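Here's a quick tour of a structure, one helix at a time and then the core. Have a look at the fold before reading on.

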Amino acid sequence: MLEKFHYTLPDGHQLTLPPFEQVPVGLIRSTRKLAPADQAFTLLEGIITDEQDWEHLDKLTGPEFQAFQKAWKEASRLSVGESSASSTS
């Protein structure tokens, strides 16, 4: 099991999410034809169920939200399209 992703928002609230590579494929697939902003929110709405987390996320500015998204993706151990079979030595 992969370690959870922890992120501290600018107001000090701590978010805990599954690593990006642990997001269910069906959830990712359901966003494939959406605009980028809709993809991001659809994924997060499928993962974040705590209203308190949303109260804090909703206060982020655009650049703060982008920093959060970037950190979550960079914490992932896989690149887009990479499978465990393709990463063998």
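## The outer face of helix 4

On the side of helix 4 facing away from its buried residues sit Pro63, Gln66, Lys70 and Glu74, which are exposed. Exposed here is over 50% relative accessible area, buried is under 20% and partly exposed lies in between, with a 1.4 Å probe and protein chains only. Helices (H or I, at least four residues) and strands (E, at least two) are DSSP runs, numbered from the N terminus.

This is a predicted model, where local features need pLDDT of at least 70, side-chain atom pairs count only at pLDDT 80 or more, and totals for chains, interfaces and linings use all residues. Residues are numbered from 1 along each chain as its sequence is written, and side-chain values use heavy atoms, leaving out hydrogens and water.

## The inner face

Phe65, Phe68, Gln69 and Trp72 are the buried residues of helix 4. They sit on the same side of helix 4 because they cover an arc of only 95 degrees around its axis, taken from the directions from the axis to the C-beta atoms. The buried residues of helix 4 pack against strand 1, strand 2, helix 2 and helix 3.

## The core

The largest nonpolar core (buried Ala, Val, Leu, Ile, Met, Phe, Trp, Tyr and Cys joined through side-chain atoms within 4.5 Å) has 19 residues, of which Leu17, Leu44, Leu57, Phe68 and Trp72 touch the most other members. Helix 2 gives the most to this core, four residues.

## Confidence

Mean pLDDT (the predictor's confidence in each residue, from 0 to 100) is 86 for the chain, with 83% of residues at 70 or more.

How values were computed: Contact = heavy atoms within 4.5 Å.
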